[in-house]
Amino acid sequence: MHAPAPRSIDWAALRADFPILQQEIRGRPLIYFDNAASTQRPRAVLDALRHFDEHDHANVHRGLHELSSRATDAYEGARQKVARFIGAANAEEIVFTRGTTEAINLVANSWGAKFLKAGDVILLTELEHHSNLVPWQLLAERTGARLRFVPVRVEDGTLELEQLGALLTPEVKLFAFTHISNGIGTINPVAELCRAARAVGAVSLVDAAQSAGHLPLDVQQIGCDFLAFSGHKMCAPTGTGVLYGRAEILEQMPPWHGGGEMIVSVTLEKSTFKTPPHRFEAGTPNISGAVGLAAAIDYLEQIGRDRIFAHDRALTEHAQVQLAGIPGVQVLGPREERGALVSFVMESAHPHDLTTFADQQGLALRGGHHCNQPLMRKLKLPGTTRASFYFYNTHAEVDAMMEILRAAQRYFG
Amino acid sequence: MNAELDELYQQVLLDHAKRPRNFGEIAEGAVHVHGDNPSCGDEIHLHVRFGEDRGVEEIKFTGHGCAISLASASLMTMKLRGRTAAEATALATALRELVTTEVAEPTAALGDLRVLGGVRKFPQRVKCAMLPWRAFEQAQAGNAGSGRVSTEA
């Protein structure tokens, strides 16, 4: 069990835990506002990786020697930690993947291949990142299943949930949706969506890439069948990710990758497979990555995700208020209830020109479609400029961004 | 602001981005190429009418994009109208060299196009500057009708 979170947080001290943030870009202090793409790693995570590589590394699950035992303990310990982190009933429900994208592809390939047939419907939303859209397009092509979408309201970026009843027909076998939109910040009522899916017998999948490191998550409270997230968006290394699957569903799913680690016995003709989660982890896994993920979880839990959420929310609101004061700037997405990002367009500057301009002042923003091409099309925008925050960002940085945006407006205006 | 940025966004470039020249379509007899840059959503619809000898008789464009791609398209249309096939090809080659390699003395023939040289310091933006030119090369290669070109293809 992790230690209880302290009463108050010294955010400035936390910031000092991130070596990468202590640098200047072209003579200006780095302002890193691209956290929705990838967050930075604290020293605690970097140290854990280094310690593991210097002392404990070996392959897992098969060596009968000391290092292999240590590595296996570390790897399986990380699995236990992830299970607690998201409120899973047991660690066997946690499959390690390379990230959210691979987790979703796993479901599409394994569950989808077994349970979907021509005429079935996969229900998605218009808010989805390409990684929660393209795997289903591929699956639909293979199986003859059809895709259907919950529309997004152009005015405020929320889903048209009043249409859910009409869309969730008995042909819907799977309902996959994002928790927080990476493009415009909408937070979806995931528990309500999972309930609605279950009511028609559909399996639910939550894309938690933007939420896992930002707010407390409990898969049993949410009531989802699957939930996917990435380590690198929550202070862990890249190449780490998690698929949570409810035990009784994972048990019914066939392997999707074949190889070592996932088998019980192999003859030249045929193999039998391990139970979940190992059935879905063929080959040597990202062992040190899992160690880093566990260290990141410890780090985040010391702060407390409820506190992180409150901090990020205050920062985001501050940014929204400031942006509203700049004429010619339009902020997209919901006014309230939003994730830790602001996505906006500036009349006088294209997102890529604005992003280049900001970069010259040491401000890392993201300009473009954010892997949300269909959403951008719906909003009739070629793209947006996005500032996405994490707990190590400060109000002073948001104020500095506003100065840079005003300067950009003068420059391009 | 810093020098590199000012070299990228020279006044001439910003002026062409804000008031693109030859912005429009050619009603008849033109080759049409749709160019896009899917990573940033830039799109250009290029219309070129070639003469008997494949010289550029008329050239126009529509579309939307960042300052660099719009200015590049605008400057390109001004430069290419009335050029022979060989001259147009040489300009396309010189432009590509200008934005991708360290050239001591850019070809004088490039004229105003030399403002695009600032892109060289911004490798992520080279494809913005090249998009209209790639569309033009596609138009040159095709005989008639419509074509497509994409920065990601």
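Select Pro277(A) to begin, and you will find that Pro277(A) sits in the loop between strand E12 (271-273) and helix H10 (287-303) of chain A. Keep in mind throughout the tour that this is a predicted model. If you now add Pro276(A) to the selection and look at the peptide bond that leads from Pro276(A) to Pro277(A), you will see that this bond is cis, with omega near 5°. Such a bond deserves a stop, since most peptide bonds are trans, and most residues other than glycine have a negative phi.

**Two residues with a positive phi**

Move next to Arg26(A), which lies in the loop between strand E1 (24-25) and strand E2 (28-29) of chain A. Its phi is near 50°, which is a positive value in a residue other than glycine. Is Arg26(A) buried or exposed? Arg26(A) has 12 C-beta neighbours inside 10 Å and so counts as exposed, the cut-off for that class being 12 or fewer.

Then go across to chain B and select Asn22(B), which is found in the loop between H2 and strand E1 (31-37) of chain B. Asn22(B) is not a glycine, and yet it has a positive phi of about 55°. Because 19 other C-beta atoms lie within 10 Å of Asn22(B), this residue is classed as partly exposed.

**A helix of chain B**

While you are in chain B, select helix H2 (residues 11-18), and colour Leu13(B), His16(B) and Ala17(B), which are buried. They cover an arc of only 100° around the axis, so they are on the same side of H2(B). Which element do the buried residues of H2(B) pack against? They pack against helix H3 (67-80) of chain B, which you can add to the view.

**Where the chains touch**

Show both chains together and select the residues at their meeting place, where 15 residues of chain B are in contact with 14 residues of chain A. On the side of chain B that touches chain A, you can colour the residues by kind and find eight nonpolar, five polar and two charged.

**Chain A as a whole**

Hide chain B for the moment and show chain A as a cartoon, in which the secondary structure comes to 14 helices and 17 strands. The radius of gyration of chain A is 22 Å, close to the 22 Å that the globule rule gives for 413 residues, so chain A is as compact as a globular protein of that length. If you turn the C-alpha trace along its principal axes, chain A spans about 70 × 55 × 40 Å. Of its 413 residues, 50% count as buried.

Now colour the two domains of chain A, taking 11-32 + 305-412 as domain 1 and 47-301 as domain 2. Their C-alpha centres lie 28 Å apart, and 22 residues of domain 1 are in contact with 22 residues of domain 2. On the side of domain 1 that touches domain 2, helix H11 (305-324), strand E14 (341-346) and helix H13 (373-378) of chain A each supply at least two residues. Which of these elements gives the most to that side? It is H11(A), with five residues. That side of domain 1 divides into ten nonpolar, five polar and seven charged residues.

**An enclosed strand**

Select strand E5 (residues 121-125) of chain A, where five of the five residues are buried, so that E5(A) is largely enclosed by the rest of the structure. In a regular strand the side chains alternate between the two faces of the sheet. Here you can follow Val121(A), Leu123(A) and Thr125(A) pointing one way from E5(A), and Ile122(A) and Leu124(A) pointing the other way.

Add strand E6 (residues 146-150) of chain A, which runs parallel to E5(A) and is joined to E5(A) by five bridges. One place to look is Val121(A), whose bridge partner in E6(A) is Arg146(A).

**A buried lysine**

Finally, select Lys173(A), which has its place in strand E7 (residues 172-178) of chain A. Lys173(A) is buried, because 21 other C-beta atoms lie within 10 Å, and the cut-off for that class is 20 or more. Apart from neighbours within four places in sequence, the residues in contact with Lys173(A) are Phe115(A), Leu116(A), Asp120(A), Val121(A), Ala202(A) and Val203(A). To end the tour, draw a distance from Lys173(A) to Arg406(A), which is 233 residues away along the chain, and you will find 49 Å between their C-alpha atoms.

Key
Residues numbered from 1 in each chain as written. Chains lettered and ligands numbered in written order. Predicted model: local features only at pLDDT ≥ 70, side-chain atom pairs only at ≥ 80, totals over all residues. Contact = placed C-beta atoms within 7 Å. Nonpolar A, V, L, I, M, F, W, Y, C, P; charged D, E, K, R; others polar. Domains from an automatic or database assignment. Helix = DSSP H or I, 4+ residues; strand = E, 2+ residues; numbered from the N terminus. Rg over C-alpha atoms; globule rule 2.2 N^0.38 Å. Arc of directions from axis to C-beta. Pairing = 2+ DSSP bridges.
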